Amino acid sequence: MNLIILLIFFIWGWIEISAFIVIGSEVGVVLTILGVFVTAMIGISLLKSQGRAVMDSLRTDIAQGRPPIKSVADSIGLLCGAVLMLLPGYVTDAIGLALFLPGIRTVAGLWLATRLGKSARFTSYAGTAQAGSNDHNSNFGAHFGATNRQPSSTSDRHRWDDNDIIEGEAEDKTPDQGSKTKKSDKKLN
């Protein structure tokens with residue numbers, strides 16, 4: 001697996017250097033280097049503008065009680081597109097710019113979320129956040145291929161029952177009596 005990753009990095013570097021040579025020979029070295037910085041700035045501005053729209057969509061989905069699957073996938077696609085736009089190179093900029101297109105970013109985000117959901121390392125963290133929730137969104141990770149696991153750390157949480165006693169001070173403010181009665185150090189059930 002490590003050899004495959006190393007091979008991918010070598011091929012990616014070779015493609016990026018080839019793109020720099022081709023573009024540099026056509027427009028010049030200064031414009032080629034300036035183009036890298038301009039594409040990074042475009043990536044940041046696209047992330048800001050489209051990120052707001054995706055976050056509004058996420059808030060709307062949550063407020064309406066729908067699982068925000070498309071919004072999360074769009075967010076993942078936007079994040080990947082922004083990272084690729086910030087990396088120096090024209091090939092990564094082209095791929096990053098493609099990830100800012102709504103249909104492509106949703107598909108890429110769903111694919112990446114599905115891959116993360118099937119990863120044992122990711123599902124152990126995602127399962128911890130979902131453990132013990134009883135709402136209709138508790139199987140959110142299942143939409144991305146995650147399995148519902150019950151981590152061992154949730155068994156250590158304190159569960160409130162009827163025998164718990166809370167000690168403290170209380171102040172009775174009833175408008176018809178006109179005076180405040182202070183009850184202190186009494187056990188409340």
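1. A residue is called exposed when its relative accessible area is over 50%, buried when that area is under 20%, and partly exposed in between. These terms recur throughout the points below. The structure under review is a predicted model, and every value quoted for it is computed.

2. Overall composition. The protein chain contains six helices and two strands. Following the sequence from its start, the order of these elements is α-α-α-α-α-α-β-β. The chain has 189 residues, of which 24% count as buried. Its accessible surface amounts to about 13,600 Å², and carbon and sulfur atoms contribute 65% of that area. Among contacts in the chain with a separation of 6 or more, 51% join residues that are 24 or more positions apart.

3. Helix α2, its length. Helix α2 covers residues 29-63. With 35 residues at 1.5 Å a residue, α2 should span 51 Å, and its end C-alpha atoms are indeed 51 Å apart, so the expected and computed spans agree. Just after α2, G65 adopts a positive phi of about 80°.

4. Helix α2, its surroundings. Which residues of α2 are buried? They are T32, G35, V36, T39, A40, G43, G51, V54, L58 and D61. These buried residues pack against four other helices, namely α1 (2-27), α3 (69-86), α4 (90-98) and α5.

5. A salt bridge within α2. As a general matter, side chains of opposite charge can pair when their charged atoms come close. In this model, four salt bridges are counted. One of the pairs is R59 with D56, whose closest N and O atoms are 3.1 Å apart. Both residues belong to helix α2 and stand three residues apart, which is about one turn of the helix. R59 counts as exposed because its relative accessibility is 53%, whereas D56, at 44%, counts as partly exposed.

6. Helix α5, its buried face. Helix α5 comprises residues 102-118. Its 17 residues reach 24 Å from the first C-alpha to the last, close to the 24 Å expected at 1.5 Å a residue. The buried residues of α5 are R105, T106, G109, A113 and G117. Seen down the helix axis, the buried residues of α5 fall within an arc of 100°, and therefore they line one face of the helix.

7. Helix α5, its other side. Which residues are exposed on the other side of α5? They are V107, W111, R115 and K118. W111 may serve as a worked example: its relative accessibility is 56%, so W111 counts as exposed. The C-alpha atom of W111 is separated by 8.4 Å from that of A73, although the two residues are 38 residues apart along the chain.

8. A salt-bridge network. Where do the partners of D74 lie? One partner is K70, and the two side chains meet in a salt bridge of 3.1 Å, N to O. D74 and K70 both lie in helix α3, four residues apart, about one turn of the helix. The other pair to note is R105 with D74, whose side chains meet in a salt bridge of 3.7 Å, N to O. This pair links distant parts of the chain, since R105 is in helix α5 and D74 in helix α3, 31 residues apart. Taken together, K70, D74 and R105 are linked in a network of salt bridges.

9. Burial within the network. Are R105 and D74 buried or exposed? R105 and D74 are both buried. For D74, the relative accessible area is 5%, and D74 is therefore classed as buried. The reader may recall that R105 is also listed among the buried residues of α5.

10. A nonpolar surface patch. M1, I4, I5, I8, F9, W12, L79, V83 and L87 form a nonpolar patch on the surface, with about 910 Å² of accessible area together. The elements that give two or more residues to this patch are α1 and α3. Helix α1 supplies the largest share, five residues. One member of the patch, I8, lies in helix α1. I8 counts as exposed because its relative accessibility is 53%.

Conventions
Residues are numbered from 1 along each chain as its sequence is written. This is a predicted model: local features need pLDDT of at least 70, side-chain atom pairs count only at pLDDT 80 or more; totals for chains, interfaces and linings use all residues. Side-chain values use heavy atoms; hydrogens and water are left out. Buried means under 20% relative accessible area, exposed over 50%, partly exposed in between (1.4 Å probe, protein chains only). Contact means heavy atoms within 4.5 Å. Accessible areas come from the Shrake-Rupley method with a 1.4 Å probe; for residues, only the protein chains shown count as cover. The expected span of a helix is 1.5 Å times one less than its number of residues. The arc is that of the directions from the helix axis to the C-beta atoms. Patches are made of residues with over 30% relative accessible area and no salt bridge: like charges are joined within 9 Å, nonpolar side chains (Val, Leu, Ile, Met, Phe, Trp, Tyr) within 5 Å.
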